[in-house]
Amino acid sequence: MQIAKVQESLARKALEQPNLLFENLFRYVSHPHWLWVAAESILQNSGAHTPGIDGITKANTESSREFAQQLSEELKTQVYRPKPVRRVYVPKTDGKMRLPGISIMRDRVIQEAVRMVLEPILESHFLNCSVGFRPQRRLMDAIHLITRFTNNNVKMWWVVKGEIKGCFDNIPHRKLMGALRQYVKDEKFLALVASFLSAGIWEKGKVSKPNSGVSQAGVVSPLLTNTYLHEMDKAWYEKYGKLTEGQKTYRRVKGLGNVQLVRYADDFVVLTNGTKEFAHELRLEFGEILTNLGLELSDEIMVTHVNDGFDFLGFHLKRVYSQQTNKQIMLVKPSSESIAKYKVAVDRITDRSTIGDDLANKIKALNAIVEGWANYYRHGNVGEEFRDLASYTHMRMYYWLKAKHSNMSARQSVKKYVMAEYKTTYSKTGTWGCHGVKLIPMTAIERNYYRINWPERNPYLEHDKSSLVYHDEAPIPDERHI
């Protein structure tokens, strides 16, 4: 079976026949080869080291081909039943807890097989206002769209920034299945999806079976969430998104605002070139849309002007005057909260209570923080922040070394760990080094302007499927690193 050709056929049919209800999808999910490809994908994920309630991980999983054959037989004979997901508590950067549910390995494989069938179809229906957890799209696309809509030509300067309260935990199962039935008619396939939703949550030896919510770490959960929130996207599109240029001009002449939506999973921004009063009306309007979906806006929703700035997805966006261009431009920087969290992470690693740690491992831990943070923000206006944080990290390392060798003078401590040279693209800079391991200065991370490069059509229609990857996907957490 040539899976890429099947996916392309599904995508093309969905694109050319938008009202088509797909049948006979279960035959793909239950096919041994389809399941083998799904199993190979799951076993390569770092989360394969994290067990579900059965304790099975990659280490004690049999041959993927035999595994796939067994799952195929269980599906075809309708004896397969998913197990409850294991609830784990993962701390978030804001101090709250994320509550992903970890499925057993066999359930993950079948969910991946379901995703491989369903995603090509849904990608032909999803709108460009949605950029989160979709192939060939990434977080920076959302930021770039906002800067495009807030430039001096489009002039959408009023912003409604919203978040859906407890989105993953509150999506109603019945309404979600109703949303899926707009695209799929195969009852066996739909029953399989429903079985994952109703499998329940295992926590502290007890199983609960709520009638709402999708597992935050579920393989198919991001796709199901986007499918449900596509209903919100459609509501926006029907009223504002599909207007012609003439209709948009008419609204502006009449003093009415045009509206753009940018959504990244459960975080979204609504922009308008209307009045402040109209922006407040949009806040109520989108709140009502979500209420009809059984969801609720977070209390943190705000209406603001781009000149006052706002935080979104860890960035702070604000319109400022540029002396260089003699124009108003949108400045994209890391939020102050994100900078503070970076410093907390560095402080924790370089805390004086850890002076007994090995220096090389200490530098490796810092490098992971530096590279992760810098790669997230390197497309923004971050030159000043990178210099400041490179200096902050360097000095924290200095004070840690000074505490580690308290019997030495500061000069002797520095001499013991002679500043190594770190070669960057443009020059060489001094840094701390030990046994060939060097602390990466944040200023050495390449920065560049980001441009949207997503396909205009469904990416499953492209001939080269090798680039069909998820840049922002949140994988199943590997508990070795929690």
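This passage describes one helix, a group of aromatic rings and several side-chain contacts in a predicted model.

Helix H13 comprises 14 residues, from 336 to 349. The distance from its first C-alpha to its last is 20 Å, which is close to the 20 Å expected at 1.5 Å a residue. The buried residues of this helix are Ser 338, Ile 339, Tyr 342, Ala 345, Val 346 and Ile 349. When H13 is viewed down its axis, these buried residues fall within an arc of 120°, and they therefore line one face of the helix. The face turned away from this buried side carries Ser 336 and Arg 348, both of which are exposed. As for the surroundings of H13, its buried residues pack against strand S13 (327-334), and they also pack against two helices, H14 (359-377) and H15 (383-404).

The aromatic side chains were examined next. Across the whole structure, a search finds 14 aromatic pairs. One of these is formed by Phe 315 and Tyr 376, whose rings are stacked, with 5.7 Å from centre to centre and 20° between the planes. Phe 315 lies in strand S12 (residues 315-322), whereas Tyr 376 lies in helix H14, so the pair ties together parts that are 61 residues apart in sequence. With regard to exposure, Phe 315 has a relative accessible area of 0% and is buried, while Tyr 376, at 32% relative accessibility, counts as partly exposed; the two assignments follow because buried means under 20% relative accessible area and partly exposed means between that value and 50%. Phe 315 and Tyr 376 also belong to a cluster linked by ring pairs, in which Tyr 342, Trp 373, Tyr 377 and Phe 386 take part as well. Tyr 342 of this cluster is also one of the buried residues of H13.

Aromatic rings are also met by charged side chains. The charged end of Arg 319 sits over the ring of Trp 157, at 3.9 Å from the ring centre. In a further case, Lys 343 lies over the face of Tyr 392, and the distance to the ring centre is 5.1 Å.

A contact between polar side chains was considered last. Arg 115, which is found in helix H5 (residues 105-123), has a relative accessible area of 12% and is therefore buried. The side chain of Arg 115 is joined to that of Glu 119 by a polar contact of 2.7 Å.

Note on methods
Residues are numbered from 1 along each chain as its sequence is written. This is a predicted model: local features need pLDDT of at least 70, side-chain atom pairs count only at pLDDT 80 or more; totals for chains, interfaces and linings use all residues. Side-chain values use heavy atoms; hydrogens and water are left out. Helices (H or I, at least four residues) and strands (E, at least two) are DSSP runs, numbered from the N terminus. The expected span of a helix is 1.5 Å times one less than its number of residues. Buried means under 20% relative accessible area, exposed over 50%, partly exposed in between (1.4 Å probe, protein chains only). The arc is that of the directions from the helix axis to the C-beta atoms. Contact means heavy atoms within 4.5 Å. Rings of Phe, Tyr and Trp (its six-membered ring) pair if their centres lie within 6.5 Å; planes under 30 degrees apart count as stacked, over 60 as edge-to-face and the rest as tilted. A charge sits over a ring if NZ of Lys or CZ of Arg is within 6 Å of the ring centre and within 35 degrees of the ring normal. A polar contact is a pair of N or O atoms within 3.5 Å; within protein, one must be able to donate a hydrogen and the other to accept it, and residues adjacent in sequence count only if both atoms are side-chain atoms.
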